[in-house]
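Open the model in your viewer and set it to cartoon. This tour tells you what to select, stop by stop.

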Amino acid sequence: MKTLACILLVLLVDQVIAAEQEIETINVEGRRVNLVGDAVSASEGIVGQKEIELRPLLRTGEVLELVPGMVVTQHSGTGKANQYFLRGFNLDHGTDFATFIDAMPVNMKTHGHGQGYTDLNFLIPETVSQLTYKKGAYYADVGDFSGAGSAQIATATAFENGLVEATLGEDAYSRLLAINSVQLAGGTTLFAVEGNRYDGPWSDIDEDLDKTNLLLKHTLSLGEGQLSVALMAYDNNWNSADQIPSRAVTQGLIDELGSIDNSVGGESSRNSLSVNWQQGGWQGSVYVIDYDLNLWSNFTYFLDHESNGDQFEQVDDRIIYGGQLSYLSKSELVGRSVSNRFGMDLRVDDIDEVGLYHTQARRRLGTVRSDQVKESSVGFYWENRIAWSNQLRSVLGLRYDHYDFEVSDRVNINTNGVDLSVNSGSANDDLPSLKGSLIYAFSDEWEGYISAGQGFHSNDARGTTIQVDPSDNSPVEAVDPLVKSLGYEVGLRGFINDRINTSLALWTLELDSELLFVGDAGNTESSRSSKRQGLEITAYYHITDHWSLDFEYAYTDAEFTDSAPEGNEIPGAINNVFQAGLNADFTNGWFGSLRARYFGERPLIEDGSVKSDPSTIWHLRAGYRVANWTFKADILNLTDSDDHDIDYYYASRLDTDASGVATQDTHYHVIEPRTARVSVGYRF
């Protein structure tokens, strides 16, 4: 297997190719963009398609690992949203990191599985023209889920060449991609279609992944502006190999690629229509998204229901509509450059059902909770930038957000005999946020930053009106609708000789004490106030026009700030993350990338007595372009590491355990074994 890529490459004929190597019309170099003189903090950056194109990806969601310090893993099936880790947060599936695609929000509020659920499976990586990330809450245009940061992903408006690509790999992996753009109706029409099938390496299930994606986009020039209309469609269904208890492996009940419940999985779809417009200083967008998910999981096996098992189904069926509008005004004050940006954003989540059911082999046995929800939010912001001198700049931002929640119970009496009608109700909340930065240019190549800002994330609407626990009718305290955070950092950025792009940031983030709504249980649990602080270093070195090296390191110290007997460590908070890559792209057609990611140990319980082991994974891509053809081979998990993708520590019960006994155990999902994938593409 290790030699598969080499064998493929030896068979290729050497030939120099020309400009058809590029996909996007505008060649966005990403890491080679000089942000000195423009950035608000040391923790923002730009990534272009060229860098995405060279990077081997096991899953679509790993696009977000282009954000320095971000780790993307999976504890379930390929079709489910990934787990994200950043700045000492186990972000679960997206809470505290806001993600947008073509100005459409990806994070799901009041989601069936988890608040802020961020599923990127509807994204086709080859269509991304640019990813812009902004870590920290220092940016007035970002509201909800902004504590740890945000990412704006923009899809292309045109391709320089059409492309048809087929990929085959082990474990019945196949992928077919077709993209092109044509001049039509006075503008440019772009389309991209992706089909993906995969069974996975698991010993007792086939994932049977069946994913289809479509992007159709028409772009018109409007004098000094531009108008784009885009349709996206996504459909997916899969079986899951969920996390497993360590004792089941040590007792020989299953191997590391086995499952306790082999009937879990999911099905999901997402269809959207969006319009983006820019004219002079004006910028606006509107969108409508039709989304649904049915997700079956079983994390405790036979703990609560010894006969039928603990499998549950989470349901989410909604329509989202909204938009944003902003205006940028530039002027001078006593000879100094001044800009003011005024903006607003609106979002409405019209949720027909967000539900939780007790199931067995995907058959519903009873309703735990089912609600109809309407959640709306509106935000207004102002950002002022002043160049006080050739060296000193300031950025000041003010934001105001207002939320309304309406929850209507759909069940009345649930499977546990609890009257849930009392959990219906309405709530609202609002929050002002202040943000600012001072930037000093030491030279044309070096710039320093002092940044601070207030951020927040919204809580699940069901938690804002809850009165009783759906499991036992006990009284439950409602959650705070909006949870505040405060972040600040000092940083340094350098851009040297158009070759080296580097940054250093020392940051702190404080999060208010809060209650969290737990989608897996339908109730709330408390969380204490916390403080995270850390160091981040990035360096991107274009050694020559053909070789580049990147290095990213993040250290975080995270703890609860109010002491408790159980301990002050935050479960899932990573101390160390390291990523590095060596990339090559030659004019004679050869290209490739070798990447390593180190995911440090982290506490699994508050006293730190149980920790996860660190994990290291290597990926390799090697390829060759000749005439209109592109051949490439990926070796994912190059060293065949059996480290864990993710670890949890909690109580569960196997059907072989004694009745009534809950066993505390580490539950984990192993990194997928080494696998090879070979692609052949034709440009036209």
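## First stop: a hairpin

Select strands E27 and E28: a hairpin joins E27 to E28 through four residues. The model is a predicted one. E27 covers residues 530-542, and E28 covers residues 547-560. The two strands pair in the antiparallel sense over 13 bridges. Now pick Ser530. Its bridge partner in E28 is Phe560.

Stay on E27 and show its side chains. In a regular strand, side chains alternate between the two faces of the sheet. Which residues of E27 make up the covered face, and which the uncovered one? Colour Ser530, Arg532, Gly534, Glu536, Thr538, Tyr540 and His542 for the covered face. Use a second colour for Lys531, Gln533, Leu535, Ile537, Ala539 and Tyr541, on the uncovered face.

## Next: back through E24, E23 and E22

Add E24, residues 500-511. E24 and E27 run antiparallel and are joined by 12 bridges. Thr508 is the residue to click here: Gln533 of E27 stands opposite.

Next comes E23, residues 482-496. E23 runs antiparallel to E24, with 12 bridges between them. Zoom in on the turn of this hairpin. Three residues lie between the strands, and Asn497 takes a positive phi near 55°.

Finish this stop with E22, residues 446-458. E22 pairs with E23 over 13 bridges, again in the antiparallel sense. Select Val490 and look both ways. Val490 is the bridge partner of Ile450, and Val490 also stands opposite Leu506 in E24.

## Then: a five-strand open sheet

Move to E1, at residues 44-48. E1 belongs to an open sheet of five strands with the order E1-E7-E8-E5-E6. The pairing in this sheet is mixed. Strands of a sheet pair through backbone hydrogen bonds, either parallel or antiparallel.

Which strands stand at the edges of this sheet? They are E1 and E6, the latter at residues 104-105. Each has a single partner strand, so one side of each is left without a neighbour in the sheet.

Now take E5, residues 97-101, together with E6. The two pair antiparallel over two bridges. Show Phe100 and Pro105: Pro105, in E6, is the bridge partner of Phe100.

## Then: a three-strand open sheet

Select E14, E34 and E33, which make an open sheet in that order. Pairing here is antiparallel. The edge strands are E14 (244-245) and E33 (644-652), each pairing on one side only.

How many bridges link E33 and E34? There are eight, and E34 spans residues 663-670. Click Tyr650, which stands opposite Asp665 in E34.

## Last: zoom out

Show the whole protein. It holds four helices and 35 strands. The C-alpha atoms fill a box of roughly 70 × 65 × 50 Å along the principal axes. Why call the overall form compact? For 684 residues, a compact globule would have a radius of gyration near 26 Å, and the protein's 25 Å agrees.

Colour by accessibility next. Of the 684 residues, 59% count as buried. The accessible surface comes to about 25600 Å², and carbon and sulfur atoms account for 54% of it.

Turn on contacts. Among those between residues at least 6 apart in sequence, 68% join residues at least 24 apart.

End with charge. There are 50 positive and 99 negative side chains. The centres of the two sets lie 5 Å apart.

Note on methods:
Residues numbered from 1 in each chain as written. Predicted model: local features only at pLDDT ≥ 70, side-chain atom pairs only at ≥ 80, totals over all residues. Heavy atoms only, no water. Rg over C-alpha atoms; globule rule 2.2 N^0.38 Å. Buried < 20%, exposed > 50% of the residue type's maximum accessible area, 1.4 Å probe, protein only. Contact = heavy atoms within 4.5 Å. Areas by Shrake-Rupley, 256 points an atom, 1.4 Å probe, with all protein chains shown as cover. Lys, Arg positive; Asp, Glu negative; His and termini not counted. Charge placed at Lys NZ, Arg CZ, Asp CG, Glu CD. Pairing = 2+ DSSP bridges.
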